[in-house]
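Student: I have a new structure open and I'm not sure how to read it. Can we go through it together?

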Amino acid sequence: MTEILNGSDFGGISVHNFSEKILEQVVHFHVMKLNGGFFLWVGSAPVLSNLAVSMSSKYDPMPLSTLVMGDPSNTAANSLAQRLAKRTKKQVFVSYSLPMTDSSLSLLVENRIKKEMERHPENF
């Protein structure tokens, strides 16, 4: 497993990048911490193929979530945003640009994100 870390701060928006080889595929993660939330991009190539947003609601224990752009049949970004919003109690934007060929890849990617959140909570 390889890991690359890079952190920068741009006047209230902090940027955190890391990468890891998961199931023989290098997966890149880009986190932009925002005021009250964060944007997470996950992918293997520099493409923004979808974007979902999720946030907590006082009317439902499960955060609200919607797809802002992309193919509505691909629910990976939407469901990941919802789970991260529930975990962090923040507004979360997610772009998930990995092929949906292996369901175990999605689980491993989410576990890697949780691991990074534990290591560097200040970036989320």
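Tutor: Sure. Keep in mind that this is a predicted model. Let's begin with helix H1, residues 76-88: its 13 residues reach 18 Å from the first C-alpha to the last, close to the 18 Å expected at 1.5 Å a residue.

Student: Which residues of H1 are buried?

Tutor: Look for residues with under 20% relative accessible area. In H1 these are Ala76, Ala77, Leu80, Ala81, Leu84, Ala85 and Thr88. They sit on the same side of H1, because they cover an arc of only 150° around the axis.

Student: What covers the buried residues of H1?

Tutor: The cover includes strands S4, S5 (51-57), S6 (60-69) and S7 (91-97), along with helix H2 (103-119). Just after H1, check out Lys89, which takes a positive phi of about 60°.

Student: Okay, strands next. How many bridges join S2 to S3?

Tutor: Count the bridges, then check the direction. Nine of them join S2 (residues 13-22) to S3 (residues 25-34), and the two strands run antiparallel. For one pairing, find His16, which stands opposite Val31 in S3. The two strands form a hairpin with two residues between them, and Leu23 in the turn has a positive phi of about 50°.

Student: And what joins S3 to S4?

Tutor: Seven bridges, with the strands again antiparallel; S4 covers residues 37-43. Lys33 has Phe38 in S4 as its bridge partner. This is a hairpin too, with two residues between the strands, and Gly36 in its turn has a positive phi of about 90°.

Student: How confident is the predictor?

Tutor: The chain's pLDDT averages 90, and 91% of the residues score at least 70. Over residues 1-5, though, the pLDDT is below 50.

Terms used:
Residues numbered from 1 in each chain as written. Predicted model: local features only at pLDDT ≥ 70, side-chain atom pairs only at ≥ 80, totals over all residues. Heavy atoms only, no water. pLDDT = per-residue confidence, 0-100. Contact = heavy atoms within 4.5 Å. Pairing = 2+ DSSP bridges. Helix = DSSP H or I, 4+ residues; strand = E, 2+ residues; numbered from the N terminus. Expected span 1.5 Å × (residues − 1). Buried < 20%, exposed > 50% of the residue type's maximum accessible area, 1.4 Å probe, protein only. Arc of directions from axis to C-beta.
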